[in-house]
Amino acid sequence: MTRAPSLAALLLVATLLPCRAVGQAPDTVPPERLAARQWYRDARFGMFVHWGVYSLLGQGEWVMQNREIPVGAYEWLATTFDPVKFDARDWVSLAKAAGVRYITITSRHHDGFSMFATRATRYNIVDWTPFKRDPLRELAAECRRQGIRLFLYYSQLDWHHPDYWPRGSTGRNSGRPESGDWSRYLDFMDVQLAELLTNYGPIGGVWFDGMWDKPDADWRLPHTYALIHRLQPAALIVPNHHQAPLPGEDVQTFEQDLPGANTAGFNTDQIGQLPLETSLTMNRSWGFNITDRDYKTPQQLVRYLVEAAGRDANLLLNVGPRPDGTIPPEADERLREVGRWLATYGGSIYGTRGGPIPPRDWGVTTTRGDTVFVHVLAWPDRVLSLPSLGTRVIAARMFATGERVAVTQSEAGVTLTLPTGGKDEPDRVVVLTLASRRR
Ligand code: JFZ
């Protein structure tokens, strides 16, 4: 049970709130969570996993909605879910080979099917399917073994639960009764979240999605966020609501777009002070899609990672495992390729922050201490001019080979003369050592 805060405490919070700038987290963020945010910023690369009953049909995670599958038929489909080849060790080993530092997995997507053991509904992988195992439990244990943090995607939107009522913009054709009890639905979610934050050891955070289905509903967020923070003070809240961050939230996440860009049409251009993340599909689908072969190349994926880091953001790169529990070979290959690149260039990505030069057509910069990494992604010439870095460059070398890079500098800026080779690399990284600004 949550203890109700005293009236005095509520009044205190209420008087403090208006003085906070929009998008800023309240001062009350405890040290554990601040440390977790730093860890998260340093991580820079995560693996997103969309996996559920929908994977069986190989048409993405929205198939229930897109094909208007009624609840009863989908419930039958769920009885056939039996991913006998699922092996948490394979998945986490792949994540390690890819160089990701965390995994974010769908514990429950919009279809409402729980991919974990829960007492809140029988509509879960343990009680409803012949598989009977709890893949989250296996994954959590394996992540702990291999040093990967586990984040849980949790859909607030539900196309199956009768109490998801009144309906929002989706889930209207699943044949549910035209009545329900919204507060019971919110209680149901809180029970599940309490289970997720109690039964699986330390969780990196919760990645919420689906509020956009009912933007005007009372989602009781302060209550739910407080529950999460009370159960695991270091767990981060990552909301995919595409708005400026709300109190209690820790990360601003952008979907299919680098922060600031809005090609998807639903991302905000307001960038606040919180850690940033960009979620990205490898092809065009989140859930397994058997006919979607429109894969980005490994070079494109590396460039996304670099472009994100240059904007001070993490990349959360998605895979949609198949219904038998295996990872599609196209995804496997690409993740390993990115991992091979990171094995060489990781030092210019992990633990860095967005660099002093804002994103340019030629590429981006990242930084750590007195070092600036110049990521040359697209530049045909040998000579590349940068704006002033505010201090002198005392050394310049190519990251991978250590080759010297000639530098001329003035008040106006720095000109680099790049070596001739390396044009076939997805990213040519120049390491600039700056004279310390503190004197
Ligand atoms: C959401 C999910 O619907 C999707 O299945 C996937 O999990 C992705 C990571 O997140 O995608 C959205 C969310 C909101 C909008 C579009 C896609 N929107 O507001 O248009």
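## Exercises on a predicted model

In this predicted model, strand 11 (residues 371–376) pairs with strand 16 (residues 428–434) in the antiparallel sense, and six bridges join the two.

**Exercise 1.** Work out in which order the five strands of the open sheet are arranged, and which strands lie at its edges.

*Solution.* Begin with the general principle that strands of a sheet pair through backbone hydrogen bonds, either parallel or antiparallel. Here five strands make up an open sheet in the order 9-10-11-16-13, and their pairing is antiparallel. The edge strands are strand 9 (353–354) and strand 13 (393–398), because each of them pairs on one side only. To look at a single bridge between strands 11 and 16, start from H375, whose bridge partner in strand 16 is V429.

**Exercise 2.** Describe the surroundings of the ligand, starting with the residues closest to it and ending with the pocket that it occupies.

*Solution.* The ligand is surrounded by 14 residues, and the closest of these are H50, E61, H109, H110 and E255. Sorted by character, the shell consists of six nonpolar, five polar and three charged residues.

Next, take the side-chain distances in turn. For E61, a side-chain N or O atom is 2.4 Å from an oxygen atom of the ligand; for H50, a polar side-chain atom lies 2.6 Å from a ligand oxygen; and for H109, the distance between a side-chain N or O atom and an oxygen atom of the ligand is 2.8 Å. The ligand taken alone exposes 450 Å², of which the protein buries 84%. Finally, the space that the ligand takes up is the second largest pocket.

**Exercise 3.** Find where R44 and P166 are placed, and state what the backbone does at each.

*Solution.* Recall first that most residues other than glycine have a negative phi, and that most peptide bonds are trans. R44, which is not a glycine, nevertheless has a positive phi of about 65°, and its place is in the loop between helix 2 (31–43) and strand 1 (45–49). The peptide bond from W165 to P166 is cis, with omega near -5°, and P166 is found in the loop between strand 3 (149–155) and helix 8 (182–196).

Definitions and conventions
Residues numbered from 1 in each chain as written. Predicted model: local features only at pLDDT ≥ 70, side-chain atom pairs only at ≥ 80, totals over all residues. Heavy atoms only, no water. Near = heavy atom within 4 Å. Polar contact = N/O pair within 3.5 Å; in protein donor to acceptor, adjacent residues only side chain to side chain. Areas by Shrake-Rupley, 256 points an atom, 1.4 Å probe, with all protein chains shown as cover. 1 Å grid on protein atoms, 1.4 Å probe; cavity = no way out; pocket = protein on both sides within 12 Å on 5 of 7 lines; lining within 4 Å. Sits in = over half its atoms within 2 Å of the grid points. Nonpolar A, V, L, I, M, F, W, Y, C, P; charged D, E, K, R; others polar. Helix = DSSP H or I, 4+ residues; strand = E, 2+ residues; numbered from the N terminus.
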